[in-house]
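Colleague: I'm new to this one. Could you show me the model and let me ask how you arrive at the words you use for it?

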Amino acid sequence: MRSGADRAAAMVLVVEDEAALSDVVQAYLTRAGYATTTARSGPEAVGLARTMSPDVIILDLGLPGLDGLEVMRRIRAFSDCYVLITTARTEEVDRLVGLSVGADDYLTKPFSVRELVARVQAVLRRPRAVPGAASTSTVRRFGALEIDTTAQEVRLAGAPVPLTPTERGLLMTLAHRPGQAFSRGQLLELVWGDRWNGDDHLVDVHIANLRRKLGESAESPRFVTTVRGIGYRMGKG
């Protein structure tokens, strides 16, 4: 995975079957300094994601061949790149389903292309795994959960936990200050970036996904604890 700090090296795959919108998005991203490529169908998107290993995928949910949700499920089987979904669907459930299968963020059509570029910039500022950093890593343990905050690795009972970048960012943030209760607004700023101005309900969706992968629930949390009236903090495991 290329470093998000180097925008010139960051690759963005734009998956959009509307040619005019795809061209505009690609032009704005290129102007902002990103390398870009496009896909116009679901199968093409999966193929390009596998061969080009993009840093970010902008994924429309309404695609020919395979819909966006199925595309994302297949991509998540081999890639942890950032995924921003775009959708003309107005129902909240569509956005929540998209997030539940691995998307990091969403925009509802019609959207500002400048806002889309800002979202790409924000996700690429999030910390990623550093190759070769394990030897100097800081490992925090919470019962059976091990979190390497330097190498950005998570293990539960010795087994790797496959997290999306957003889920990993939330867990690393909580683990870095295990005694602190973070509000949803604080988590949005720290994980999504200060330019994100959407609904803080997004935090709850990703926390629910994170808990599921850690084998817990809101009713019986071990690792991620709800602090009533505030937000979340790291549990003791």
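Colleague: Let me start with one residue: where is the place of Ala157?

Modeller: Ala157 sits in the loop between β8 (153-156) and β9 (159-160). Keep in mind that this is a predicted model.

Colleague: What makes Ala157 exposed?

Modeller: Its relative accessible area is 66%, and exposed means over 50%, so Ala157 gets that label. Its backbone has a feature to look at too: phi of Ala157 is near 55°, a positive value in a residue other than glycine.

Colleague: Which word fits Ser53, and how do you know?

Modeller: Ser53 has a relative accessible area of 43%. Buried needs under 20% and exposed needs over 50%, so Ser53 is called partly exposed. Ser53 lies in the loop between α2 (42-52) and β3, and has a positive phi of about 45° although it is not a glycine.

Colleague: Where is the cis peptide bond, and what is its omega?

Modeller: The cis bond joins Lys109 and Pro110, with omega at about -5°. Pro110 belongs to the loop between β5 (105-108) and α5 (113-124).

Colleague: Let's step back for the overall picture. How many helices and strands are there in the chain?

Modeller: The protein chain has eight helices and 12 strands. There are 237 residues in the chain, and 51% of them count as buried. As for contacts between residues at least 6 apart in sequence, 59% join residues at least 24 apart.

Colleague: Why are α6 and α8 called roughly perpendicular?

Modeller: The axes of helix α6 (residues 165-176) and α8 cross at roughly 85° and come within 9 Å. The range for roughly perpendicular is 65 to 115 degrees, so the word applies to α6 and α8.

Colleague: Which residues make that contact?

Modeller: From α6 there are Thr166, Glu167, Leu170, Leu171 and Leu174, and from α8 there are His206, Ile207, Asn209, Leu210 and Lys213. By kind, the contact of α6 with α8 has five nonpolar, three polar and two charged residues.

Colleague: Take Leu171 in α6. What makes Leu171 buried?

Modeller: Buried means under 20%, and Leu171 has a relative accessible area of 0%, so it is buried. Leaving aside neighbours within four places in sequence, Leu171 is in contact with Ile147, Val154, Leu163, Leu210, Leu214 and Met234. Leu171 and Arg233 are 62 residues apart in sequence, with 9.4 Å between their C-alpha atoms.

Colleague: And on the α8 side, why does His206 count as buried?

Modeller: His206, which is found in helix α8, has 0% relative accessibility and therefore counts as buried. Setting aside neighbours within four places in sequence, its contacts are Leu99, Ala103, Asp104, Thr166, Glu167, Leu170 and Trp192. The C-alpha atoms of His206 and Leu99 are separated by 7.3 Å, though these residues are 107 apart along the chain.

Colleague: Arg211 is in α8 as well. How do you know whether Arg211 is buried or exposed?

Modeller: The relative accessible area of Arg211 is 5%. The limit for buried is under 20%, so Arg211 is buried. Not counting residues up to four places away in sequence, Arg211 touches Glu216, Ser217, Ala218, Pro221, Val224, Thr225, Thr226 and Tyr232.

Colleague: What about Gly68 in helix α3 (residues 68-75): what makes Gly68 buried?

Modeller: With a relative accessible area of 0%, Gly68 is buried, given that the word means under 20%. Apart from residues up to four places away in sequence, Gly68 touches Leu59, Asp60, Leu61 and Leu63. The C-alpha atoms of Gly68 and Glu16 are 9.7 Å apart, with these positions 52 residues apart along the chain.

Colleague: How many cavities of 30 Å³ or more does the count come to?

Modeller: The count comes to one cavity of 30 Å³ or more. About 40 Å³ of space lies in the largest cavity, so it passes the 30 Å³ cut-off.

Colleague: Which residues line the largest cavity?

Modeller: Its lining is Val14, Val15, Glu16, Val25, Ile58, Asp60, Thr86, Phe111 and Leu116. β1 (11-15) and β3 (56-60) each supply at least two residues of that lining.

Colleague: And what kinds of residue does the lining of the largest cavity divide into?

Modeller: That lining divides into six nonpolar, one polar and two charged residues. Asp and Glu count as charged, so Glu16 and Asp60 fall in that group.

Technical notes
Residues numbered from 1 in each chain as written. Predicted model: local features only at pLDDT ≥ 70, side-chain atom pairs only at ≥ 80, totals over all residues. Heavy atoms only, no water. Helix = DSSP H or I, 4+ residues; strand = E, 2+ residues; numbered from the N terminus. Buried < 20%, exposed > 50% of the residue type's maximum accessible area, 1.4 Å probe, protein only. Contact = heavy atoms within 4.5 Å. Axes fitted to C-alpha atoms, helices over the stretch in contact; angles between N-to-C directions. Parallel < 35°, antiparallel > 145°, perpendicular 65-115°, else oblique. 1 Å grid on protein atoms, 1.4 Å probe; cavity = no way out; pocket = protein on both sides within 12 Å on 5 of 7 lines; lining within 4 Å.
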